[in-house]
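Colleague: Before I rely on any label in this model, I would like to hear what stands behind it. Could you take me through the terms and the values they rest on?

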Amino acid sequence: MKKCWVFMIGVIWAASVHASPTGISIGLNFGADEPNGGLEGVIEGPAGVVGTANWNNLELAGDIYEDVFIDANGTEVGTGVEVEWASNNTWSSDGRGEANNSAPAGNDRALMLGYLDTSDTSITEVSISNLPSELSSGFDVFVYVQGGVNGRGGTYTLSAGGVTVAQDNLQTGPFDGTYIEGEEGNYLVFPGLSGDSLTVEAQATTPDLFRAALNGIEICAPGACLALPTPVAGRGTIGDQVVSTRLENPVYGPGDANQAGLAQAWYAQGNPGSKAGVDSVALESDPAVPVFRAGHGATWWTGSVESFGDLVKYPEEIAPAWDPEADNNDTYTVKAQGELLVPESGSYRFTDGVDDFTYLAIDIDKSGVAGDNPDEILIDDNNWTTPLRDGNNGGGGYGEADFDIADGGEWLAIEVNIAEGGGGDSGVIYWDYDANAPAGQRLGGAEGFPEFVEDPLFEEDAENMFIPDSHLRSSIKPLLSGDLVGELTEVSLGWEFEIDGDTDKADRFVLENKDENVYTTMLDVDGVNVIVNATGDLQAGDAFQIIDADQITGTPVISSSDPSQEWSFNAATGQLIFGAALTGDYNGNGLLDADDLDLQASVGIANNDLSYDLNDDGVVNSTDRRVWVNDLKNTWMGDANLNGAFDSSDLVAVFATAKYETTQAATWGQGDWDGNGVFDSGDLVEAFSNAGYNVGEKPGGPNPATAAVPEPSSILLLLIGSLMMLRLRKS
């Protein structure tokens, strides 16, 4: 049997799922020289939601290209089409200090990698002229939009034939290979345009939401481009796709002793733009380095600005994941937690010198949790500033809290989240309190913070106002175990899996396990649509593992691009099996084995589950057991090891289990031949009445002839008979 490891999802489509548009299309791929001139954004085969095979790979932020070709049913054909474009710059959704493209290497990743970028006010313009007659009478346009930072958005305006239409888009997540249409997706569709030219403009919907990424444009004859199932690793490409996971049911060991500084978890993920986003990053990602306390003596850092006072440029613990000597680190998310020592009662003010996202919560009501009361959230801000607040894009502001503290001070829970998504960076929280500060720098004395939010801090003041490690402490608890639960993105047309019967390879979804001693991977695939696109030599029973996880629940809906092919899914192994499902193969592993008989007993007979009713009489009982054994397996009742014969070796094996007449639960291999769940005299009657003892294997064929009934004369049968009589006399 051939075996291969893969996972698939999709729906039936009338045409081959591999086909290029059935007609002509023009594919324009911008930013092909991204990231940073590396030409990683070049497309070399089918890409996009409709699978255009031939794309024009365009470089630079602006240019004129006169050699545009079209894709005519998968063939590259030259045209007189010309494209001219101008933008603020090109950028990349990955590899340019931003990490927002996790798709497997291939053409779809390349399409959604490089893009024409905008500033907060600039407009990207693309003009396409001399469209051929096959398109000028009518066409549909697909616009691909995937930037490097979530929470940003743009307005896309198309003009053709005197008609202007526009759609907005707000980016909500990374591109993992899944195409999602719509306002919060990664592509937009503009149907029913016409004319011999087309203009596409992209600009920030509002200045604070910039940017309007423009990755590619696809122009298709009406009806020529139909959305296809999302390929797992790229259309026509076999590979793996790692399914993002969230951590559930974590079990932590006892924490170590409290020490100075907040416990910090640093993640190599760009600014998600919100507290919920930070929490999601923490659930779905591993820290780039082990969680640490600020052992250098300063919880906070200055990043792209030179350090001052006791602050550091970056915590030394984050090397080598980040370079502590770098001018700036563009992409990270930090969760810092622990306790804050509030020395005395009074009103305290807080502000930040953070680029970009800042969240600060303190346990004012002393519940033990910071932020469980909205009044405890003192800063929740997604605008940037610098450490001294002298470069300020509206960042921060002041949070104020009143504390009622016992004499000598109290330790209260505190949580700080800091996330950076490009440009300069820093991370520091200030408070307007320092018992050792000179006059004018202490609550109750004079103001330490400037009166107005937009005013900067003086460095000498700032050195006295950031919260020192002497007022922060934390313990670090080791993670002992947890479940990594995978989520498959919901896609309307399902997923396409490629299978190559010649190489025994196929796509698969993988849940990566960082440490099998700590984590268990789990994936629910119930009802997920899967379409199999198989090529090469396939033989009945060939198995391909399409899901790699420790535990799989549910069953996907399996279809095939070839109507003559049948596939079945085994939820126990995550395998896809070629060929019609075997009647009686209840565990879906492509075999008729003892596990199927045990399921027949424990589920079918015990619950009268009619899906196990093999003779269609409306009852599931020992008669269905005989049908399975005699007709489907073509062996005899009593064949404990299912080797095709019922003989003394089967009897020795079942009596060796010492379960006869004990009422202990028994399986087929332990003597439960009539399906009542135990091994008793009824099973022996069932077996010998089938008249197969010492007859040998049945002749081949689905309906074998009845064999002659021999006289059971062995000493073993006499012993069995004595056991049965003894049992009868006692009853």
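Modeller: What follows goes through the labels in turn, each set against its definition.

Modeller: This is a predicted model, in which local features need pLDDT of at least 70 and side-chain atom pairs count only at pLDDT 80 or more, while totals for chains, interfaces and linings use all residues. Residues are numbered from 1 along each chain as its sequence is written, and side-chain values use heavy atoms, with hydrogens and water left out.

Colleague: Why is the link of Cys220 and Cys225 called a disulfide?

Modeller: A disulfide is a pair of cysteine sulfur atoms within 2.5 Å. The S to S distance from Cys220 to Cys225 is 1.9 Å, so the pair meets that definition. The structure holds one disulfide, and the angle of -85° about the S-S bond makes this link left-handed.

Colleague: How do you know whether Cys220 is buried or exposed, and what of Cys225?

Modeller: Buried means under 20% relative accessible area, exposed over 50%, and partly exposed in between, with a 1.4 Å probe and protein chains only. The areas themselves come from the Shrake-Rupley method with a 1.4 Å probe, and for residues only the protein chains shown count as cover. Cys220 has a relative accessible area of 0% and is therefore buried, and Cys225, at 7%, counts as buried too.

Colleague: What makes Lys335 and Glu415 a salt bridge?

Modeller: A salt bridge is a side-chain nitrogen of Lys or Arg within 4 Å of a carboxyl oxygen of Asp or Glu. For Lys335 and Glu415 the N to O distance is 2.7 Å, so the pair qualifies under that definition. Lys335 lies in strand β22 (residues 331-342) and Glu415 in strand β27 (residues 410-421), so the pair ties together parts that are 80 residues apart in sequence. Helices (H or I, at least four residues) and strands (E, at least two) are DSSP runs, numbered from the N terminus. Lys335 counts as buried at 12% relative accessibility, and Glu415 counts as buried at 9%.

Colleague: Which residues do Lys366 and Arg625 pair with?

Modeller: Lys366 forms a salt bridge with Glu410, their closest N and O atoms being 2.9 Å apart. Lys366 lies in the loop between β24 (357-362) and β25 (377-381), while Glu410 belongs to strand β27, so parts that are 44 residues apart in sequence are tied together. Lys366 counts as partly exposed, because its relative accessibility is 39%. Arg625 meets Asp672 in a salt bridge with an N to O distance of 4.0 Å. Asp672 is in the loop between α7 (648-655) and α8 (681-689) and Arg625 in helix α6 (residues 622-632), so this pair ties together parts that are 47 residues apart in sequence. Asp672 is buried, with a relative accessible area of 1%, and Arg625 is buried, with 0%. Salt bridges that share partners also join Lys275, Asp279, Lys335 and Glu415 into one network, and the structure holds 22 salt bridges.

Colleague: Why is the group of Asp310, Glu459, Glu460 and Glu463 called a patch of negative charge?

Modeller: Patches are made of residues with over 30% relative accessible area and no salt bridge, where like charges are joined within 9 Å and nonpolar side chains (Val, Leu, Ile, Met, Phe, Trp, Tyr) within 5 Å. Lys and Arg count as positive and Asp and Glu as negative, while His and the chain ends are not counted, and the place of a charge is taken as NZ of Lys, CZ of Arg, CG of Asp or CD of Glu. Asp310, Glu459, Glu460 and Glu463 gather in such a patch on the surface. Glu460, in helix α4 (residues 459-465), is exposed, with a relative accessible area of 52%.

Colleague: What makes Asn249 and the peptide bond from Glu34 to Pro35 worth a remark?

Modeller: Most residues other than glycine have a negative phi, and most peptide bonds are trans. Asn249, in strand β19 (residues 245-252), has a positive phi of about 55° although it is not a glycine, and Asn249 counts as exposed at 52% relative accessibility. The peptide bond from Glu34 to Pro35 is cis, with omega near -5°, and Pro35 is found in the loop between β2 (24-29) and β3 (56-57). The peptide bond from Asp355 to Asp356 is cis as well, with omega near 20°.
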